[in-house]
Amino acid sequence: MTPEKAASETYDIIVIGTGMGAGVIAGDLFDTNSRLGSGAKSVLVIEKGGLPFHSHCLNAARPSGFGEDRGQQNDTFFALFKENYQFKDPNQSKEWKGGPMFNLGGRGAAWGLFAPRIHDDHLRKEFGNTLYQQLVSNWYKEAENLMDLFLPMTNAIHQNIMERLNIKTEAECQWQWGRIASEFSESKNFDFAVGAYSPIDKLLEIAMSKDRTPDGACIEHPNWKILINTDVRSIMRDDDNRATGVVVRDASGNETKIFLKQDLSGQPLADTKIVLGAGSVGSPAILMRSGMATDLKQNDGLHLTDHDIFARSFTFRYLDPSVREKVGSMKLQSYVRLKSDTIALVNMAVDSSSFLPRDFLPTQFFTNEDFPKLIVAHILPTSLNTKNTIELDDDGEPVITAGRDPPFSNSNPDVVELRELTKAAIRTVKDALQLELRPTDPDDTNDWDDDNFFKPLELGGVAHELGTIPLKGSDPQRRYLLDENLKLRLCEGIYVCDLSIFPFSPEVNPTLTLVALALRLSRAILPRTPFVASTENTIYVMNQTGDPIKVFVSNRAGVTLTQEEINENKNGKVLGPGEKVARERSVGVDETVMVYRLDYNSRDVYLPRPVPYIATPGRVCIIE
Ligand SMILES: Cc1cc2nc3c(=O)[nH]c(=O)nc-3n(C[C@H](O)[C@H](O)[C@H](O)COP(=O)(O)OP(=O)(O)OC[C@H]3O[C@@H](n4cnc5c(N)ncnc54)[C@H](O)[C@@H]3O)c2cc1C
C-alpha cells in the first residue's frame with residue numbers, strides 16, 4: 001500500500017503511530033469492526049517506521065547475555081534500534097539514554113514487560129475521580145487480559161521470603177510478585193505460549209490474514225488499511241477548526257494529502273476522527289507542525305518529564321547451592337508510603353536481573369557468570385517539569401530541552417528513607433535464603449552506607465518520558481490540553497493516545513495505564529455496544545460473531561407477540577454480522593436467547609443445537 005493509493009479513499013478514523021498507545025487502538029478497532037458488519041468504520045493506520053521486528057524482541061533470537069546473567073536483552077535491542085533526540089543544549093544529552101524507535105510497534109517492540117498499576121491514591125489525585133473509577137473497575141483488567149499479565153506459581157520458599165519482607169520492612173510494604181506482561185507457558189496441550197506482549201503481533205496477524213485473488217494478489221481489508229514507512233507531517237484543519245486529514249511524507253520525501261470522509265459539501269463528516277499516538281515527542285511535533293505550537297505552550301504542554309529510577313545491585317552466592325534451583329528467579333514489587341506521604345514503587349529482583357536494568361552491576365563481577373544478582377530498584381513519582389520544552393528546527397524536527405529537576409540526590413529525604421528500606425530488605429533476603437553477598441558481605445562494621453548508595457538510571461533509559469500533551473487532571477488550577485476522553489481541546493476531531501497524555505509521571509512504569517486508556521478510547525470512538533434508544537421493556541440482541549446467526553428470544557414474560565415476530569419465529573430470525581433485533585418483553589423479566597451458529601463450511605445451514613444466552617430488557621445482549 002502506498003500513500004497515493006491510500007489517498008484514493010477517505011476514512012472515518014486515521015490512527016497515527018503503532019506504539020503501545022496507537023498500536024493497541026489500531027488492533028482493537030479491527031476487532032471491533034469485525035463485530036459490527038455493515039456498521040464498521042473505515043480505518044487507516046499510518047506508521048513512520050518499517051518492520052524490523054515481527055513480534056516483541058524477546059520472542060525472537062537474541063544475544064545470550066555474553067555470560068553476564070539470565071539476561072533479557074530487550075535494552076540491547078533498544079540501544080541498537082532507537083534514534084537519538086536532538087537537544088537544544090548538547091550537555092543535556094549526556095544525562096539521556098532514551099530516544100524514539102520508529103518501527104511497527106514503536107518502543108513496544110523492546111519494552112521490559114513490567115506492568116504495575118498506578119497506586120489508587122495517585123491515580124485519583126492526578127487523573128481525577130472518573131478516570132480512576134473507570135480504570136480500576138474495568139480498563140486495567142481489560143489491559144491485563146490483552147497483555148497476558150503473568151503471576152508466577154508461589155511455593156513455600158517464595159511465600160516465606162515475601163512474608164519475611166512484609167514483617168521486617170518497617171514501612172508498610174506489601175510485597176507481591178512483580179506483574180509481567182508475558183505468557184510464559186500455556187497449560188493447554190499443544191497451544192504455543194504467546195510470549196512477551198507487543199502490539200506488533202496483532203497488526204501483523206491482520207496484515208497476514210488478507211484474502212488473495214486467484215492470481216495471488218492481496219486484497220486489502222475493506223475497512224482497515226495500514227501504511228508503513230510513512231511519516232505524518234501535519235494534520236490539516238478546515239475553517240471551522242475541524243481536522244480534515246493528514247499530510248504524509250514517504251521514504252523518498254514525496255508528500256501526499258489523505259482525507260477523512262466528507263459530506264457532499266466537502267466538510268469532514270461529524271464523527272470522523274484522528275487518533276494521534278506518535279509518542280511523547282512525535283505527537284507534539286506533529287501538532288506544532290500543524291500550527292498549534294503556541295496553544296501547546298500556553299496550556300502547559302511540551303514539558304517532557306521522566307521520573308527518578310534508582311537502584312542498588314549486588315552479586316551473591318547461595319551458601320547451599322541447591323537452594324538456587326528451588327527458588328528460581330524472583331521479581332517482587334511493593335508500594336511504599338514514605339514519611340513525606342509520597343508513594344514509591346520498590347522492586348526487587350533475586351536472580352532475575354533480566355527485569356531490571358543490568359548495567360547497575362559492577363562489570364568486574366561478570367567474569368564468573370554463575371553468580372546470581374540481587375537488585376533493588378525504586379521509582380518515585382514527579383510532577384511535570386515546567387523547565388522542559390520542545391521546539392522545532394528549520395526542518396520541522398523536534399529539538400528538546402529536558403533535564404532532571406531537581407537533580408538526583410542520595411541525600412533527598414525520600415531517597416534516604418528508601419536506602420534504609422533497601423538495606424533492611426537485603427538483610428532479610430540474605431537471612432531467609434542464606435546468601436552471601438560478593439565480594440564482601442556488608443555488615444555493621446563494613447560501611448555500605450556511602451554517598452553513592454543508589455545510582456540513578458539515565459533519563460529516558462527505559463522510555464518513560466511523558467506529559468507533553470497532558471489530560472485534564474483533578475486539579476482545577478492546572479492547565480491541560482486533553483479532556484478526560486483524551487480529545488484535544490484545540491481542535492475538533494483529534495484524540496491523543498500515547499505517553500504524552502500523562503498529567504504527571506507516576507511511581508510506576510507507565511505502559512499498563514497507557515494500554516488501559518488506549519482500550520478505553522478505542523471503545524469510545526467505535527463502540528462495540530452501540531447506543532440504542534433503550535426502551536425498558538424491550539430486549540435487544542446484536543450479532544457480533546462476524547458470521548450470520550439465527551436467534552429465537554423466549555417469552556417468559558408472556559407478552560402478546562406481534563405478527564412480525566410470529567412470522568420471524570417460524571424459522572428463527574437471521575441476523576447478519578453487526579445486525580440487531582428488538583423484541584418487546586417485560587421489565588425485570590430476563591429471557592433466553594437461543595443462538596444457532598452456522599454449520600461447518602456453510603453459509604445458510606445452521607447447527608441443530610443452540611447456544612443459550614441470557615437477555616435483560618432495556619439492555620443489548622451481545623452475541624460474540
Ligand atoms: C528498554 C525499555 C524497557 C521498558 N520497560 C518498560 C516496562 O518494563 N514497563 C513499562 O510500563 N514500560 C516500559 N518501557 C516503556 C514503554 O516502551 C513505553 O511506555 C511505551 O512504548 C510508550 O508507548 P507510546 O505509544 O507512547 O510510544 P511509542 O512506543 O514510542 O510509539 C510511537 C509510535 O509512533 C510512531 N511515529 C512517531 N512519529 C511518527 C510520525 N510522524 N508519523 C507516523 N508515525 C510516527 C513511531 O514509529 C512509533 O510506532 C520500556 C521501554 C524501553 C525502551
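**Exercise 1.** Locate Asp 341 among the strands and state the sign of its phi.

*Solution.* Asp 341 lies in the loop that joins β14 (330-337) to β15 (343-350). Here helices (H or I, at least four residues) and strands (E, at least two) are DSSP runs, numbered from the N terminus. The phi of Asp 341 is positive, near 80 degrees, in a residue other than glycine.

The model is predicted: local features need pLDDT of at least 70, side-chain atom pairs count only at pLDDT 80 or more, and totals for chains, interfaces and linings use all residues. Residues are numbered from 1 along each chain as its sequence is written.

**Exercise 2.** Determine the form of the peptide bond from Asp 405 to Pro 406 and place Pro 406 in the fold.

*Solution.* Omega of this bond is near 0 degrees, and the bond from Asp 405 to Pro 406 is cis. Pro 406 belongs to the loop between β19 (398-401) and α10 (413-433).

**Exercise 3.** Compare the end-to-end span of α8 with that of a straight helix, and find the centre of its kink.

*Solution.* Step one: α8 has 20 residues, and a straight helix at 1.5 Å a residue would reach 28 Å; the expected span is 1.5 Å times one less than the number of residues. Step two: the end C-alpha atoms of α8 are only 20 Å apart. Step three: α8 has a kink of about 120 degrees centred on Gly 291, where the bend is the angle between axes fitted to the seven residues ending there and the seven starting there. After α8 comes Asp 300, with a positive phi near 65 degrees.

**Exercise 4.** Describe the shell around the ligand.

*Solution.* First, 43 residues surround the ligand, a residue being near if its C-beta atom, placed from the backbone, lies within 6 Å. The closest are Gly 17, Gly 19, Gly 106, Gly 112 and Thr 511. Next, α3 (74-81), β9 (231-237), α8 (279-298) and α11 (511-525) each supply at least two residues of the shell. Finally, the shell divides into 21 nonpolar, 16 polar and 6 charged residues; Ala, Val, Leu, Ile, Met, Phe, Trp, Tyr, Cys and Pro count as nonpolar, Asp, Glu, Lys and Arg as charged, and the others, Gly among them, as polar.
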